[in-house]
Amino acid sequence: MGFLHISPVEPKAATGLVAEVYRRQAADVGLARMPALMALSSVPALLAATWSTLRESLMAGPLSRTEREVVALGVSTANRCPYCVGAHTLFLHATGDHALAETLLAGGRPADPRQAALYAWAMGETRDAPDAPELLGTALAFHFINRMVTALHTPDVLPGGLQKTRLVRRAAGRTLAGRARRPLPPGESLRLLDAPRTAAPAWAHGSPAGTAYAALTEVAGQGGALLTYPERVAEAVARWDGGHPPMGGSWPAGALSGLPAAEVAPTRLALLAALAPYRITEGDVAAWPHTDESLVRLLAFGAVTAVRHAERSFSPAAAS
């Protein structure tokens, strides 16, 4: 279990807002360390908004946790995020749906028609978006988290890749079951956030998931200030068909043409974070002078640009 390109704040060293997010995450999930969140700890407001979106969408309220985990796994599989696939296979085991967890991990589909429809939608195979704000929020949360985790963490969830063993997956699920099967009261994480200036999206119907998501898109979008021409990233994502970009050739060279030399490396990083974070290399990161904070902010801008693109594909209501 290792981080790439950054040295995050460990729980024992955390202070202020970072410490408070870690404390609440430990209480709600039962884990002292959640690397997917720790990767964002150099930008406390981003960490808080990501946690809030995750909690209010995936964990809070009475909606089926199994359905939400099916969406999380579908999005993570489509985005080629092995860390998130491994982690949420464990959480699906924690709900007690052991056969479903193993079926999805093996590349199969749910037998239940509603779960199958949700999984197909999460995989990007249909546009039949569900009507529950928590399911929409879960999909968007994982479009963001997948990209950040893929860029900033190694694939293994457990030391030595132990999550690849069925017995370990079931055992790990049992340790998480108590909290995973307990619905959390909605809205409690919102107190960690500065009130977003942008309105919550129409698809949220006033739910806490929408408020949290508005805060996340606002904070992550601020990373665009690190680029002189952030519109290059937005334009490339707007042309994206949702698939995985071709290897080599003109991508992403075409989107970088004509940029000043100093802008090529950071713009490339933001584009990779948006469309192919699994292709980010040490060389890509080293080509741009940065701190942990500036790197996380830049990657978050690329990631959230892709998230907003995914949001527009939900339905006319989701795009408003």
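Start with the largest nonpolar core of this predicted model, which has 104 residues. Select Leu46, Phe144, Met148, Leu152 and Leu299, the members that touch the most others in the core. Then select residues 133-152, which form helix H8. This helix gives the core its largest share, 12 residues.

Keep Leu46 on screen and show what surrounds this residue. Leaving aside residues up to four places away in sequence, Leu46 touches Leu40, Phe144, Leu216, Val219, Ala220, Val296 and Ala300. Phe144 thus appears twice on this stop: as a contact of Leu46, and in the list of members that touch the most others.

**Salt bridges**

The model has 14 salt bridges. Three of them are visited here, one after another.

Select Arg55 and Asp28 for the first stop. Their closest N and O atoms are 2.9 Å apart, and the two residues form a salt bridge. The pair links distant parts of the chain: Arg55 sits in helix H3, residues 44-59, and Asp28 in helix H1, residues 16-29. In sequence they are 27 residues apart. Are these two residues buried or exposed? Both Arg55 and Asp28 are buried.

Next, select Arg65 and Glu69. This pair also forms a salt bridge, with 2.9 Å between the closest N and O atoms. Both residues belong to helix H4, which covers residues 65-78. They are 4 residues apart, about one turn of the helix. Arg65 is buried, as is Glu69.

Stay on helix H4 and select Glu67, then add Arg114. The salt bridge between Glu67 and Arg114 has its closest N and O atoms 2.8 Å apart. Here distant parts of the chain are linked: Glu67 is in helix H4, Arg114 is in helix H7, residues 113-122, and 47 residues separate them in sequence. Glu67 counts as buried because its relative accessibility is 13%. Arg114 has a relative accessibility of 39%, so this residue counts as partly exposed.

To finish with salt bridges, go back to Asp28 and Arg55 and add Glu56 and Glu188. Salt bridges with shared partners join these four residues, Asp28, Arg55, Glu56 and Glu188, into one network.

**Cysteines**

How many disulfides does the structure hold? The count is 0. Select Cys81, which is in no disulfide, and look for the nearest cysteine sulfur: that of Cys84, 3.3 Å away. Why is there no bond at Cys84? The sulfur of Cys84 is 3.3 Å from that of Cys81, its closest cysteine sulfur, and this is too far for a bond, because a disulfide requires the two sulfur atoms to be within 2.5 Å. Cys81 counts as buried because its relative accessibility is 1%. Cys84 has a relative accessible area of 3%, so this residue is buried as well.

**Ala122**

The last stop is Ala122, in helix H7. Its relative accessible area is 6%, so Ala122 is buried. Show the surrounding residues: Ala122 touches Val71, Gly74, Val75 and Ala78, with residues up to four places away in sequence not counted. Finally, select Thr77 and draw a line between the C-alpha atoms of Thr77 and Ala122. The distance in space is 9.0 Å, while the two residues are 45 residues apart in sequence.

Definitions and conventions: Residues numbered from 1 in each chain as written. Predicted model: local features only at pLDDT ≥ 70, side-chain atom pairs only at ≥ 80, totals over all residues. Heavy atoms only, no water. Salt bridge = Lys/Arg side-chain N within 4 Å of Asp/Glu carboxyl O. Helix = DSSP H or I, 4+ residues; strand = E, 2+ residues; numbered from the N terminus. Buried < 20%, exposed > 50% of the residue type's maximum accessible area, 1.4 Å probe, protein only. Core = buried A, V, L, I, M, F, W, Y, C linked by side-chain atoms within 4.5 Å. Contact = heavy atoms within 4.5 Å.
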